[in-house]
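Here are my notes for you, written as numbered points. Keep the model open and find each residue as we get to it.

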Amino acid sequence: QVQLVESGGGLVQAGGSLRLSCAASGRIFSINAMGWYRQAPGKQRELVAAISSGGTNYADSVEGRFTISRDNAENTVYLQMNSLKPEDTAVYYCKVEVVVTWPRSGDYWGQGTQVTVSS
């Protein structure tokens, strides 16, 4: 019904930047919230940043370094990551709250993209 395709991960040195993208396609009536999560080895998945009509919110650990944005026309969410640190290393997942049939919505996850920051 709904597919999410992520891109933009990779290997970068500490202090560098990466930009992640997540494009949603398929049976989409509208999109509510969009967000990025990450999961490091041995750790639980955590919220990195989210964006909705109410605004944006960020994890304390990325505030001031990461910026989330969205292109509603393209059903795409972005995560600009600057001043990357080794502790940002993780698999990053996008999550999108999609209204397929009004008013019911459901959460859909991307396949994950690896971000590795070397020291």
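**Notes on the strands, the core and the charged pairs**

1. Let's begin with D107, which is partly exposed, with a relative accessible area of 46%. Before you go further, keep in mind that this is a predicted model. The side chain of D107 meets that of K95 in a salt bridge, 3.8 Å from N to O. K95 sits in strand β9 and D107 in strand β10, so this pair ties together parts that are 12 residues apart in sequence. There are 4 salt bridges in the structure, and salt bridges with shared partners join R38, E46, R65 and D88 into one network.

2. Now have a look at D88 within that network. Is D88 buried or exposed? With a relative accessible area of 1%, D88 is buried, since anything under 20% counts that way. One salt bridge of D88 goes to R38, at 3.0 Å from N to O. D88 belongs to the loop between β8 and β9, while R38 is in strand β4, so the pair ties together parts that are 50 residues apart in sequence. R38 is buried too, at a relative accessible area of 7%.

3. D88 also forms a salt bridge with R65, and here the closest N and O atoms are 2.8 Å apart. R65 lies in the loop between β6 (55–58) and β7, with D88 in the loop between β8 and β9, so this pair ties together parts that are 23 residues apart in sequence. R65 counts as buried, at 11% relative accessibility. If you wonder about charged groups finding each other, side chains of opposite charge can pair when their charged atoms come close.

4. Next, S83, which you'll find in the loop between β8 (76–81) and β9 (90–101). S83 is partly exposed, with a relative accessible area of 40%. Which residues does S83 contact, leaving aside its neighbours within four places in sequence? They are G15, G16, S17, R65 and D88. By way of contrast, try S52: it is 31 residues from S83 along the chain, and the two C-alpha atoms are separated by 25 Å.

5. β9 is a good strand to trace by eye. β9 pairs with β4 in the antiparallel sense over 8 bridges, and R38 stands opposite Y92 of β9. With strand β10 (residues 104–109), β9 makes an antiparallel pairing over 6 bridges; there, V96 has Y108 as its bridge partner. A hairpin joins β9 to β10 through 2 residues. β9 also pairs with β11, antiparallel over 3 bridges, where V115 is the bridge partner of A90.

6. Then there's an open sheet of 4 strands, with the order β1-β3-β8-β7 and antiparallel pairing. Which strands are at the edges? They are β1 and β7, each of which pairs on one side only. On average, and ignoring direction, neighbouring strands of this sheet are turned by 15° against each other. Inside the sheet, β3 and β8 run antiparallel and are joined by 6 bridges, with R19 opposite Q80 of β8.

7. S21 is worth a stop as well. Its place is in strand β3, and it is buried, with a relative accessible area of 17%. Leaving aside neighbours within four places in sequence, S21 is in contact with V5, E6, S7, W36, V77 and Y78.

8. Finally, the core. The largest nonpolar core has 31 residues, and the ones touching the most other members are W36, L79, M81 and Y92. At least two residues of this core come from each of β1 (2–7), β3 (18–26), β4 (30–39), β5 (46–52), β7 (66–71), β8, β9 and β11 (113–118). Which strand gives the most to this core? That's β9, with 6 residues. As for the general idea, nonpolar side chains in soluble globular proteins tend to be buried together.

9. To finish, click on L79. Beyond its neighbours within four places in sequence, L79 is in contact with L18, R19, L20, W36, V48, A49, F66, T67, I68 and Y92. Two names in that list, W36 and Y92, should look familiar from the core in the previous point.

Conventions. Residues numbered from 1 in each chain as written. Predicted model: local features only at pLDDT ≥ 70, side-chain atom pairs only at ≥ 80, totals over all residues. Heavy atoms only, no water. Buried < 20%, exposed > 50% of the residue type's maximum accessible area, 1.4 Å probe, protein only. Contact = heavy atoms within 4.5 Å. Core = buried A, V, L, I, M, F, W, Y, C linked by side-chain atoms within 4.5 Å. Pairing = 2+ DSSP bridges. Axes fitted to C-alpha atoms, helices over the stretch in contact; angles between N-to-C directions.
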